[in-house]
Amino acid sequence: MRPSRPDIFISATSADLGTCRQVIKQALLTLGCTPVEQTNFPPSAGSVRQMLREKLAQCDAVVHVVGVAYGSEPQEFSDDEPRRSYTQIEYETARELGKPVYLFICGDGFPYDAHEPEDDERRALQQAHRQRLQSGDELFTPVDSRDDLSLKVHQLQTRVERLADDLRRSRSRLARGVAVVLVVLAMLGVGLWWVNHKRQGTHQQVEQAEQRLDTVETELDKQRRYIKQVADVYSRQQVELAALRLTGQQRFDRAVAQVAQDAGVPPSEMRAAIDLFVAAVLADPGADFYDRALAEFAQQRFADAAKSAGDAADKARQEREAVEAVAKAAAERIEAARVKEARALALKAHAQMASEQFGQAVATYQRAIGVTLRQTWPETWAELHFLLGNAASNWAQRSTGAEIRQRRDLALSAYRSALEVFTADAHPRHHWTVRGNVALTQINHANAMTSADREPVLIEALETQRGLLATVSREKHPNYWAWVQFCIASTLADLAECKQGEQKRKLLEASMSTHRTALEIHRRETDPRSWAMSQHNLGVTLASLARETVGPKHVALLNEARTAFNAALEVYAPDTTPNEWAYALTQRASVLGGLARASSGDERLVLNRQAVRDYRSALEKIDREKLPNEWAMAQHNLGYALQDQAEAAGVKAGAGLREEAVKCFRDSLTINKRDSHPARWLSTQISLAVALVELAETDPAAQRAERLREAVQCSRDVLAVITEQSAPESWGMAQFNLGIALRAQAKSLSGEERLRGLLACEAAYRAALRVRPREVVPRVWAKTQHNIAHVMTERAVLTNDAAQRTAILEEAIQVYKDVAVVRAEHDSRVNWAKTLVSASHAFRHLAALKDRSVRFRFLDESLKLLEVASAVLTRERFPTEWANLQVSRAVTLNGRAFDVGGVAAVLFLEDSVAASEAALRVVTADRSPVVWRDGHHALGSALAMQALLVPATRAELLDRYRRAKAALETSIRLEPDPGQRARTMKSVKGIEAEIARIEGL
């Protein structure tokens, strides 16, 4: 006879789900089942169906897992047979046999085993199978991972126990019913068959009897039904037939005839079936009272039938009471065992959480929930859901890819289940805690999205927190009230990142104010951890608000932020709170970088170095495996700091720092991937594009071209996945950075190619302006317009048509004027002064297009702008910018000298030489290569003009020409523009000819 443990057939493709088959086998064994598999198949579909039918017929249920692989299939099919894989045939056969099928369908992010890719046709067939199952009437369970599959197979325990119970009852019915079957068979004239087989008594005969059991029992049930229906009809007809004065036998015959008519069988067949049942009961001494009562009613022995039926009812009552007593005791034991199991599982999950095995803790909490009945232990059930939410939320923090969102969704679902029990009225403290965690999970969820998707999630989190605040009293629960204020402040700061301009500033100011309100309760002496956390997030908000301001207020806010982070770091320590310490350190480093950019000279260099040190120290404590998102963010921020340090360190030292910055951004992208962290991917791609452009400035020509090509591609990759509407801020930034990269590319080109590059650059900048309007983000608008005017000036130089060149330069000058107006009101004085310097260049180029009689006016305007700017860009505070201004002044003075001649020319050239030499005493080729190059070019030009226009001795002329030649050759070595390089080389050749002429005199 078959064992009482159910046989469960495992149906799954081996290629992609081989590991899962082992997971299912292990789970079934722990449930007390016998796993059954089929791994070898005959070649023909017909023999496959027959073999699987036989195998599946012997099983009690089927587990069918649907992945992406189609798998193996028979080598041939019959004409009327659809093409199916072996696994699909197993599923269909199980359905045909009426077997219970437990159907699991793997989700999009399921971690399949590595396997060879299948052809398009097989993939299409498997996809069609998946769609049929998902869109049909069959119930199915989605699974996201192997752990999830194992857990949900374990959750079949109740259904498996029901299968086992059915199996045991089937065996019991067999033992009791064989005697009845044999009597019936004997009365049908096969007694000799029974005697022979009873005499043999072999295992084979018992198995054959088992196989016939279901059919015979069905016949007995049908006979019982016939007699019961006759009894029902007989009783109903008593009143109707009383007037006909029929005998009891006649009434009974009429009832039999009515039931036969209703059943669609001849009355004689109905009578034979009833007689067969009566004979079987009379021949069975062990027949129960109910069957006796039916037989006695069929014999019209109604009094006996009533007594037997009453005895059957009494016996059934006794059995019910006995079973109820046993069931009550069993239920109490089951409940006690459930409590023990749930308690032990909860403790196991707590230990897994403590050891940061969050995925395992999730599975264990789910098992604990599975054995905890909500109606019996509602608080325990809700507490386990709360803990499950915490485990899933922590697990998401350690995850990457699509799993992050899946695990946060699991956390939110668990928290919401807990809130069904932990209501504000019944369990206020639990309710507050769970709702707070819901909001925090929503915030974490939002921060992994793009800005357009993030905003509604953050608004939902803010509504959750404000609703929570309405239920909390500051007087009765001050600490919790302060914690909710802290959460609201943090959410306002996150929401501000989805906005621009005045909206952003207002949200940040509201966040700052709310943080300060929380700090009225969170005191260092009473609650140092909460105080440090509030100080930290206040610092984050202050730093963000600083980025929206200019001038002294900008610096003041940054210093306030630094003070807040320093306060947090007085509580956090690298050994006791390494994660909090490292995060606060990275935030302080970001503020130091902002302060460095607002400083100059040695102060700037010191701040930059300190910022880089902070980032490096933080990264030593951030475990990439445990905290991948924090590690990626720190790498990204370190890249920024290295770029700032490179700018102040000079070309040679800066090249290595920029190389490292590029590596940091690339490392960050190993975690911040496009699918899993779209917002962070966008930000890092944009940063990488800028870093590549800056690195290209110091690279050899061949490598420079590759760097710039990659920079352009980074920006275009961003623009390929977002739109102006979906993520306007990121889209505008990507367009702006694309313009920077295209302009850098254009510098190495010449002629029409360079002109096309500049036009593409200008188009990118103008596209960025569509999402950077003057009235919303005036500083960003001014920066973009400033760059457009730069490009227009460069484009004008390449335009051969004088009228068109004049028009472009006049438009560029007007743009500079508009930018200067905005920067005077909304930006720093330094940026305003830089705009004046740039405008002076455009005036100088425009002067070259004018008649000699009016040219001086434009050159004088250029000099006037430089004079105004020099009051801000002083040598002491901004040495590099001051040197660049001096070089611009020297170039303009050269132009004035060329026009006037005579004594005035001598004076202009003396001033020009003095200005160039002053600039070159401040900068170096290593730290300021562009100013160094342009300063030597201006000096060389001034010296050459002096030699040409100012009377001198032969020795003085040779000295001027030789100094001019050396200065121009120095500028050539740093000149990336091939056209300018060629023009300067031509000047050098002319000077060499003059030197040779003078030396030959």
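**Following the salt bridges**

Let's start with one pair: R146 and D113 form a salt bridge, and their closest N and O atoms sit 2.9 Å apart. R146 belongs to helix α5 (residues 146-154), while D113 is in the loop between β4 (101-106) and α4 (120-135), so this contact ties together parts that are 33 residues apart in sequence. As for exposure, R146 is partly exposed at 26% relative accessible area, and D113 counts as buried at 13%. Keep in mind that you're looking at a predicted model.

That pair has plenty of company, as the structure holds 62 salt bridges. Take K307 and D311, whose side chains meet in another one, at 3.1 Å from N to O. Both of these residues are in helix α11 (residues 302-354), 4 residues apart, which is about one turn of the helix. K307 is exposed, with a relative accessible area of 56%, whereas D311 is partly exposed at 23%.

Now move along to R616 and E660, which also pair up in a salt bridge, 2.6 Å from N to O. Here the contact links distant parts of the chain: R616 lies in helix α22 (residues 601-621) and E660 in helix α24 (residues 651-669), 44 residues apart. R616 is partly exposed at 35% relative accessibility, and E660 is partly exposed too, at 26%.

Salt bridges can also join up into a network, and here one links E73, R83, D119, E121 and R122.

Finally, have a look at I459, which you'll find in helix α16 (residues 451-469). I459 is partly exposed, with a relative accessible area of 33%. From I459 to S870 is 411 residues in sequence and 48 Å in space, C-alpha to C-alpha.

Definitions and conventions:
Residues are numbered from 1 along each chain as its sequence is written. This is a predicted model: local features need pLDDT of at least 70, side-chain atom pairs count only at pLDDT 80 or more; totals for chains, interfaces and linings use all residues. Side-chain values use heavy atoms; hydrogens and water are left out. Helices (H or I, at least four residues) and strands (E, at least two) are DSSP runs, numbered from the N terminus. Buried means under 20% relative accessible area, exposed over 50%, partly exposed in between (1.4 Å probe, protein chains only). A salt bridge is a side-chain nitrogen of Lys or Arg within 4 Å of a carboxyl oxygen of Asp or Glu.
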